[in-house]
Number of protein chains: 4
Amino acid sequence: MRHTQAGDLVLLVNEKDRQLFIRMLKPGDQLQTHRGMVLHDDLIGLPYGTQVRSHLGFPFYLLPPTTDELIRNIRRESQIVFPKDSGYIMMKLGIRPGAVVIEAGTGSGGLCVALASMVGDDGHVYSYDNRPKMLRLAGLNLERVGMAHRVTLKSRDILDGFEETAVDAVFLDVRAPWEALDQAHAALTGGGVLGCIVPTNNQLVELIGRLDAHPGFGFVEAEELLLRPYKTVPARIRPADQVVGHTGFLVFCRAIVREAHRVEPATREPGESDSEGG
Amino acid sequence: MRHTQAGDLVLLVNEKDRQLFIRMLKPGDQLQTHRGMVLHDDLIGLPYGTQVRSHLGFPFYLLPPTTDELIRNIRRESQIVFPKDSGYIMMKLGIRPGAVVIEAGTGSGGLCVALASMVGDDGHVYSYDNRPKMLRLAGLNLERVGMAHRVTLKSRDILDGFEETAVDAVFLDVRAPWEALDQAHAALTGGGVLGCIVPTNNQLVELIGRLDAHPGFGFVEAEELLLRPYKTVPARIRPADQVVGHTGFLVFCRAIVREAHRVEPATREPGESDSEGG
Amino acid sequence: MRHTQAGDLVLLVNEKDRQLFIRMLKPGDQLQTHRGMVLHDDLIGLPYGTQVRSHLGFPFYLLPPTTDELIRNIRRESQIVFPKDSGYIMMKLGIRPGAVVIEAGTGSGGLCVALASMVGDDGHVYSYDNRPKMLRLAGLNLERVGMAHRVTLKSRDILDGFEETAVDAVFLDVRAPWEALDQAHAALTGGGVLGCIVPTNNQLVELIGRLDAHPGFGFVEAEELLLRPYKTVPARIRPADQVVGHTGFLVFCRAIVREAHRVEPATREPGESDSEGG
Amino acid sequence: MRHTQAGDLVLLVNEKDRQLFIRMLKPGDQLQTHRGMVLHDDLIGLPYGTQVRSHLGFPFYLLPPTTDELIRNIRRESQIVFPKDSGYIMMKLGIRPGAVVIEAGTGSGGLCVALASMVGDDGHVYSYDNRPKMLRLAGLNLERVGMAHRVTLKSRDILDGFEETAVDAVFLDVRAPWEALDQAHAALTGGGVLGCIVPTNNQLVELIGRLDAHPGFGFVEAEELLLRPYKTVPARIRPADQVVGHTGFLVFCRAIVREAHRVEPATREPGESDSEGG
């Protein structure tokens, strides 16, 4: 059984209210909650999965935080990208250990934390926002979970272009992503993925029209993920009554070079015609 | 602009039919498609994102494959875990570079490929199945994408227990996951995550009942993800007509120790009572 | 342009808060709202579709109420069947002018109002509940919309059987509809429709198992309707954020006689075999 | 137990393939199916709910058709309005026995059959289409279910206006409903309901913009209904795999007169101001 150590990122959560407290354990520190205080020194060395109590006797479980919980724990001043969307975005952008990715805007840093978790120490995230206040907040959120070293926060208008090139993926969570298509294309490696999230139908219509007309992008896809949570009382299992009905439309495409790079005639079998199939 | 090299894992895909061909580039090899043949030698050294043609003239784009595409490309003899579910599973299980995870059953290896992509070379996946045929297929699928070294395939009935301990997460995609709860608990680190996917309502009801009654698990959640793809013809954007309406119910919980580990009285402030809050 | 008359059922609704007030116009009466008072005498003779103001100056539109609005206007002490489900129930039960239908339980009378609206003066609704308080409330709700004469409210435990026979349809909105299958069958005409709504997965599993095993019912179907409302601000059209994620599972089946009533041999063409087709 | 009579509209359906045959019973007629022939004379006088067999021995149940089945049975040469949408449309348009409603376009007549079922013999449906071929098909479909007398089919371009006035509701299932808003308004009674169905996001955005800008309409709502069918095998109950993911966006609004018709000062209480509330 694994025990906590100083420097561990741990989650304290009560089973009923499920409010999350994520902290990096540091001798001498204390966690203040609305239900009482907990000393880090009392947490260090405990086995994960056990229950601790605040000085008021309120019980918390001591757990290693998942990526879902890291995202939910973000201190936010803006709408964040939800874990359901974040997970799918990882799959569609091809985010893996070692990947290099640009995102804009940073916002509160929710997706940034998810990206930084996944690219690992061998990858990197460049996150752009032109609102200094949001960058400060995102920086704080990244610090708290020990991932600041994987992210470069940039205060810059993306219409002026991204400063990186040949990145694996670009993700845009901005009001008018269609205005930054050239900039995204310039930053992407050949075949790299551009992903966008837009909340309204108007934006979806505009964005798809612009992507379709852009010579540097192909394989345009649009999707939406609906998360249906269930109540888990064993005798009365049922979908939840009140749910989040919409977060945003997800749009993905690939940076391509439209002019054909033909296989050399020498590799053709004799007698084959030049005409295109299918 | 990045160019392909021998040893690269590349994707060839036609923009219209979107059929995927993922191959590791190897001098001398050739890719046979229903639309003609392509020599690996003709692909090596090309810039990513460009178009190539088969000897019959059929055009393909040459792209770096995303995790979504790796999963879709799996040769399958069983239902696979879809990318929409895989991405969310990563978030909920806390799969990150370096994570150690058990899954059962392996099946065709779709989730296995996703997990192996995410844990990286510092993590590991132990995948159990008691059907030798499926293990062979999964092994082949892992080989093809260069991830076999990150996965240990095990031919073993999970009712006999898992051979690993203190793993970060266990994921069960089996007919009766409730029969293997003790085994999963024994394999998990304290606070680790157990995830399950079950296709039927009957299983959902049974599983939640059993998890609720199990003293070693808490924080039971059940959810379902619905993916809504859109048609992206610019003048007629609309949700797709025929869609996958259901893949499975996702159930997550945490390995916990129910008896309280109380904070030591010495850390209490004088005058505080022992009574529980909340 | 049609003008209101004494005796008309009218809707007063403010365009912003959309709170509904449905009243039968009666000289001398007054409508009290949280935004001021309106005299019925001031409403009688006005053209439908126009705006009126309360004595506090708060504006209301004067409209003929739709069935949707009649249902939403129900004074409720229990969950009601939502319009999205009610409309579909009408289609599946075959509720038309002249239809005779039984429902249980009555509850606040929401579905009862919808059924009574649709069967018209030539049809009839028999509505059972064993809670006198709910029957009184439903009776009041029916009175208010002028439909009490189309409904017979019955204070009776449905396990003791329904008092009608050969009805076109039976709809059960009770905790354990599977306990009343024989009673429903006895009340239905041959080929008549039994419909049920149940909120939990446990009930869905139990009900389908019981219907499948019952010799008097066939053509079992289960469905669920999800209503997705959109925000209609022209520049920012989008699905609503917070929505009702679940109301209930709808189950429908038909009263059938399983033993074959074969077409007489005389109608067979010579040489045809007796064996059953496909 | 009710028995069939000549002139009854009956449904023959096999429990496995669920293909529908709806016919009006007529002595001497015969029903040809892909599974053999059935003489109407053999059906007349049978109890509803019983099983009959074709001359090839294929079994059918003899049932009274529901509105859902009438719609599904439509011979179609165009997409029809699905029962899930039809039922909700009835609720939102306030379609009841006696209602007078206009629809355009008629198409194959699916919604027309539903409307005609619900307005009864005291109401009426005026259905417009400018494609003579579709009107003929719809006329045939209405004849077959005995509802032609409740519907007036009109071959006319709706941009030239509707010929009726003061109708309770107008429903538009046409490519560009926003082009006929004035025409719809002229046909509607005060406070009457305009409903539209449009399949694409582009149309939804356009329609809502136009309705919002039109002075004669208010209370604009947009919604979408998703039907989730379940497989009902008792031991493996689950949502269906392949489903209809989208039919259309439903938009509803009310014909209103925007200039205020104020309650007369005489009804105000002394001392009340004229200023508008809330």
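**Chat about a predicted four-letter-chain model: residues, domains and contacts**

Trainee: Starting with one residue: is Val167(D) buried or exposed?
Mentor: Val167(D) is buried, because 20 other C-beta atoms lie within 10 Å and 20 is where the buried class starts. Keep in mind that this is a predicted model.

Trainee: Which element does Val167(D) lie in?
Mentor: Val167(D) lies in strand β10 of chain D, which covers residues 167-172.

Trainee: And what is Val167(D) in contact with, leaving aside neighbours within four places in sequence?
Mentor: One run of contacts is Val100(D), Val101(D) and Ile102(D). The others are Ala187(D), Leu188(D), Thr189(D) and Gly192(D).

Trainee: How far are the C-alpha atoms of Val167(D) and Asp68(D) separated?
Mentor: By 25 Å, with their positions 99 residues apart along the chain.

Trainee: Switching to chain A. Is Gln30(A) buried, exposed or partly exposed?
Mentor: Partly exposed, since Gln30(A) has 14 other C-beta atoms within 10 Å. For that class the count has to fall between the exposed limit of 12 or fewer and the buried limit of 20 or more.

Trainee: Where is Gln30(A) found, and what does Gln30(A) touch?
Mentor: Gln30(A) is found in strand β3 of chain A, residues 30-33. Not counting residues up to four places away in sequence, Gln30(A) touches Met37(A), Val38(A), Leu39(A) and His40(A). As for Leu43(A), that residue is 13 residues from Gln30(A) in sequence, and their C-alpha atoms are 9.9 Å apart in space.

Trainee: Zooming out, how many helices and strands does chain A have?
Mentor: Seven helices and 15 strands. The C-alpha atoms of chain A fill a box of roughly 80 × 45 × 40 Å along the principal axes. Of its 278 residues, 54% count as buried. Among contacts with a separation of 6 or more in chain A, 62% join residues 24 or more positions apart.

Trainee: Which domains does the assignment give for chain A?
Mentor: Domain 1 is 9-65 and domain 2 is 68-255. Their C-alpha centres lie 30 Å apart.

Trainee: How many residues does the contact take from each domain of chain A?
Mentor: Six from domain 1 and six from domain 2. On the domain 1 side, β1 (9-13) and β2 (20-24) of chain A are the elements that give two or more residues. The largest share, three residues, comes from β2(A). By class, that side of domain 1 has six nonpolar, no polar and no charged residues.

Trainee: What pLDDT does chain A average?
Mentor: Chain A averages 93, and 93% of the residues score at least 70. Over residues 260-278 of chain A, though, the pLDDT is below 50, and this stretch has 32 contacts in the model beyond near neighbours in sequence. Where pLDDT is low, predicted coordinates should not be read in detail.

Trainee: And for the complex, what ipTM and pTM does the predictor give?
Mentor: An ipTM of 0.92 and a pTM of 0.93.

Trainee: OK, interfaces. How many residues does the contact take from chain D and chain C?
Mentor: The contact takes 87 residues from each of those chains. On the chain D side, the largest share is 13 residues from strand β12 (residues 217-231) of chain D. The residues of that side divide into 41 nonpolar, 24 polar and 22 charged.

Trainee: In which sense do β12 of chain C and β12(D) pair?
Mentor: Antiparallel, over nine bridges. For one of the partners, Ala222(C) is bridged to Tyr230(D) in β12(D).

Trainee: What turn lays chain D on chain C?
Mentor: A turn of 180° with a shift of 0.0 Å along the axis, giving an RMSD of 0.0 Å. In chain D, the C-alpha nearest that axis belongs to Gly87(D), at 2.0 Å. The same surface serves both copies, as 100% of the contact residues of chain D recur in chain C.

Trainee: What rotation superposes chain B on chain D?
Mentor: One of 180°, with 0.0 Å of shift along its axis and an RMSD of 0.0 Å. The two copies are therefore related as by a two-fold rotation axis. In chain B, Val243(B) has the C-alpha nearest the axis, 2.8 Å from it.

Trainee: Through which surface do chains B and D meet?
Mentor: Through the same surface, because 100% of the interface residues of chain B are also interface residues in chain D.

Notes: Residues are numbered from 1 along each chain as its sequence is written. Chains are lettered from A and ligands numbered from 1 in the order in which they are written. This is a predicted model: local features need pLDDT of at least 70, side-chain atom pairs count only at pLDDT 80 or more; totals for chains, interfaces and linings use all residues. Two residues are in contact if their C-beta atoms, placed from the backbone, lie within 7 Å. Helices (H or I, at least four residues) and strands (E, at least two) are DSSP runs, numbered from the N terminus. Ala, Val, Leu, Ile, Met, Phe, Trp, Tyr, Cys and Pro count as nonpolar, Asp, Glu, Lys and Arg as charged, and the others, Gly among them, as polar. Two strands pair if DSSP finds at least two bridges between them. Copies are superposed by least squares on the C-alpha atoms of residues with pLDDT of at least 70 in both. pLDDT is the predictor's confidence in each residue, from 0 to 100. Domain bounds come from an automatic or database domain assignment.
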